[in-house]
Amino acid sequence: MPLWDFVGSTLVTNNYVRLTSDHQSRQGGIWNTQPCHIKNWELHVQFKVHGSGKNLFGDGFAIWYTRDRNQLGPVFGNRDFYTGLAIYLDTYANQNGPHNHEHPYISAMVNNGTLHYDHDRDGTHTMVSGCEAKFRNKDYDTFIAIRYQDNELKVSLDVDGKNAWKECFSVHGVKLPLGYFFGATAATGELADNHDIISMKVYQLDTNAPAKYEPAAYSGLPSADNMEAPREHISDEKRGAGLSGWKLLAVIILAIIGLGVCAIVGFIIFNKNQDYSRKRFY
């Protein structure tokens, strides 16, 4: 395929590019060889995430607009401390602490090269926004649209089989420079899935600002005015140290049942002893 590079476990077929197969410990990626010099753009990606797992599967894939490319790593198959934009389509919840969302979950992160993506927290302390999306194991086409226009990042989905876009989130105050590369990567660990890219299409957009007020192209490092507040992470050791509400209730109920059984048995033994004493007395 001209203008595209492939890394890792990526498999190219006539109908799709499989970043990872439904096997453990795989990483794969596809990267465009031409930098994007479009100031306002929209990227449409048709994808398919599917596998044999019913309750446990992972880890997910990511769509990138970054300065560097073709570097495998721990962040859904790409390097950590990257410079650019990532849209994560995360299918497995790693964080033990309380989430206010379920998985699969789609989120965005803007990185200037200094931020670490924390898998244990599912990146919740560095994401700019996100939404829930049930896009796995669908028997119809699934799409995501990433629009960057006038410093606004907007992500929309078509994953319900309705052939219509539904907004996932919209964030103002996002600044991305020209000349970065589009790509997509995926990874599996102890859990696995097929992560397929069927098509990636980029469209040039007009600015919403009047021509005389149109700002010059941004040339600094990627930045975002806002990020979501971090959520507490609870380690496995800390989580195992205590009992949840349901577990505590179950223990109390079992204790009450146990005491009741002991009382009944004791009462029966007491009565039998009393009968035996009476027989001996008479």
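Start at V45: its bridge partner in β15 is M200. That link belongs to a longer pairing. Strand β5 (residues 41-50) and strand β15 (residues 194-204) run antiparallel to each other, over 10 bridges. H50 of this pairing stands opposite N194 in β15. Strands like these are held together in a general way: strands of a sheet pair through backbone hydrogen bonds, either parallel or antiparallel.

**How far to trust the model**

This is a predicted model. The protein chain averages a pLDDT of 83, and 76% of the residues score at least 70. Two stretches need care. Over residues 233-245 the pLDDT is below 50, yet this stretch has 14 contacts in the model beyond near neighbours in sequence. Over residues 261-282 the pLDDT is also below 50, and here the count of such contacts is zero. Where pLDDT is low, the predicted coordinates should not be read in detail.

**The sheet that holds β5 and β15**

Which strands join β5 and β15 in their sheet? The order is β2-β3-β15-β5-β10-β11-β12. That makes an open sheet of seven strands with antiparallel pairing. At its edges are β2 (11-12) and β12 (166-172), each pairing on one side only. On its other side, β15 meets strand β3 (residues 17-20). These two pair in the antiparallel sense over three bridges. R18 has D196 in β15 as its bridge partner.

**The other sheet**

Another open sheet has seven strands, in the order β1-β4-β14-β6-β7-β8-β9. Its pairing is antiparallel. The edge strands are β1 (4-8) and β9 (129-132), and each pairs on one side only. Neighbouring strands of this sheet are turned by 15 degrees against each other on average, direction ignored. Within the sheet, β7 and β8 pair in the antiparallel sense over eight bridges. D90 has Y105 in β8 as its bridge partner.

The three strand pairs described so far can be set side by side.

| Strand pair | Bridges | One bridge pair |
|---|---|---|
| β5 (residues 41-50) and β15 (residues 194-204) | 10 bridges | V45 and M200 |
| β7 (residues 83-90) and β8 (residues 105-112) | eight bridges | D90 and Y105 |
| β3 (residues 17-20) and β15 | three bridges | R18 and D196 |

**A cavity with a nonpolar lining**

How many cavities of 30 Å³ or more does a search of the whole structure find? There are two. The second largest cavity holds about 30 Å³ of space. Its lining consists of W41, L43, I63, W64, Y65, L85, I87, I146 and F182. By class, nine of these residues are nonpolar, with no polar and no charged residues. Strands from both sheets take part: β5, β6 (60-66) and β7 each supply at least two lining residues. β6 gives the most, with three residues.

**The largest pocket**

The largest pocket has a volume of about 190 Å³. Residues lining this pocket are D59, P74, F76, Y92, N94, H119, A187, G189, E190 and L191. What classes make up this lining? Five residues are nonpolar, three are polar and two are charged. The pocket lining is mixed in class, whereas the lining of the second largest cavity is nonpolar throughout.

**Unusual backbone spots**

Two of the pocket residues also have backbone features to look for. D59, one of the lining residues, is joined to G58 by a cis peptide bond, with omega about 0 degrees. D59 lies in the loop between β5 and β6. F76, also in the lining, has a positive phi of about 50 degrees although it is not a glycine. F76 sits in the loop between β6 and β7.

Another cis peptide bond runs from H103 to P104, with omega near 0 degrees. Where is P104? Its place is in the loop between β7 and β8. These spots stand out against a general pattern: most residues other than glycine have a negative phi, and most peptide bonds are trans.

Conventions:
Residues are numbered from 1 along each chain as its sequence is written. This is a predicted model: local features need pLDDT of at least 70, side-chain atom pairs count only at pLDDT 80 or more; totals for chains, interfaces and linings use all residues. Side-chain values use heavy atoms; hydrogens and water are left out. pLDDT is the predictor's confidence in each residue, from 0 to 100. Contact means heavy atoms within 4.5 Å. Two strands pair if DSSP finds at least two bridges between them. Helices (H or I, at least four residues) and strands (E, at least two) are DSSP runs, numbered from the N terminus. Axes are lines fitted to C-alpha atoms, for helices over the stretch in contact, and angles run from 0 to 180 degrees between N-to-C directions. On a 1 Å grid over the protein atoms alone, a cavity is a set of points where a 1.4 Å probe fits but cannot get out, and a pocket is an open set with protein on both sides within 12 Å along at least five of seven lines; lining residues have an atom within 4 Å of a point. Grid points are joined across faces, edges and corners, and a volume is the space filled by probe spheres set on the points. Ala, Val, Leu, Ile, Met, Phe, Trp, Tyr, Cys and Pro count as nonpolar, Asp, Glu, Lys and Arg as charged, and the others, Gly among them, as polar.
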